[in-house]
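This report describes selected strands and a helix of one protein chain. Please keep the sequence and the structure in view while reading.

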Amino acid sequence: MSYFQTKRAMTTHLLNNLPTGLTSDDVAFENYKFNPANKSLWLAAYFIPASTESMGKTVGSGDEQRGIFQVSVFVALNSNKFDEVQLQAIDELISAFKYNTQMVYTTQTVQSLESTVNTGSESEAWYQRDISINYLTFSTR
């Protein structure tokens with residue numbers, strides 16, 4: 001199994017399908033220093049493994065892994081466009097991670113199962129919504 005390859009498949013897909021107007025400089029990743037100053041829209045990505053189930057009893061059997069790839073979308077609090085820019089970005093991201101989208105990194109194939117969006121909340125100077133992308137992958141041991 002490879003958490004590394006699973007995360008890479010998903011982050012690479014995210015970076016190749018960023019919402020209009022965003023670049024990799026607008027994405028915060030875990031354990032990486034990021035300063036959102038002077039940004040009107042930015043993302044934060046989190047890899048959240050949830051379960052690993054054995055698919056057999058031998059060393060040659062594989063594992064089924066499930067988890068969440070969460071993408072938080074931030075816009076400036078009290079923007080004159082409210083949350084419209086944020087919702088447009090969310091629409092683009094959900095389209096990029098629609099059901100059964102396959103993402104590959106080296107030998108690891110990851111499938112997105114569903115994407116859900118939560119209600120917005122204030123986070124310091126930002127208005128935040130999270131997209132939870134449920135994923136499934138089969139890994140060799």
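## Strand pairing

Strand 4 (residues 102-105) pairs with strand 5 over 4 bridges, in the antiparallel sense. The model in which this pairing appears is predicted. Within the pair, Y105 of strand 4 is found opposite Q108 of strand 5. The hairpin that joins strand 4 to strand 5 has 2 residues between the strands. In this hairpin, T106 adopts a positive phi near 50 degrees.

Strand 5 also pairs with strand 7; here 7 bridges are formed, again in the antiparallel sense. One position can be followed in detail: T116 has S132, in strand 7, as its bridge partner.

## The length of helix 2

What span should helix 2 have, given its 13 residues? Helix 2 covers residues 84-96, and at 1.5 Å a residue its expected span is 18 Å. The end C-alpha atoms are 19 Å apart, which agrees with that expectation.

## The two sides of helix 2

Which residues of helix 2 are buried? They are Q86, A89, I90, L93 and A96. Viewed down the axis of helix 2, these buried residues fall within an arc of 120 degrees, and therefore they line one face of the helix. On the face turned away from the buried side, Q88 and D91 are exposed.

## What the buried face packs against

The buried residues of helix 2 pack against helix 1 (3-16). They also pack against several strands: strand 2 (41-54), strand 3 (62-76), strand 5 (108-117) and strand 7 (126-140). Strand 5 and strand 7, which pair with each other, are thus among the elements that the buried residues of helix 2 pack against.

Note on methods. Residues are numbered from 1 along each chain as its sequence is written. This is a predicted model: local features need pLDDT of at least 70, side-chain atom pairs count only at pLDDT 80 or more; totals for chains, interfaces and linings use all residues. Side-chain values use heavy atoms; hydrogens and water are left out. The expected span of a helix is 1.5 Å times one less than its number of residues. Buried means under 20% relative accessible area, exposed over 50%, partly exposed in between (1.4 Å probe, protein chains only). The arc is that of the directions from the helix axis to the C-beta atoms. Contact means heavy atoms within 4.5 Å. Two strands pair if DSSP finds at least two bridges between them.
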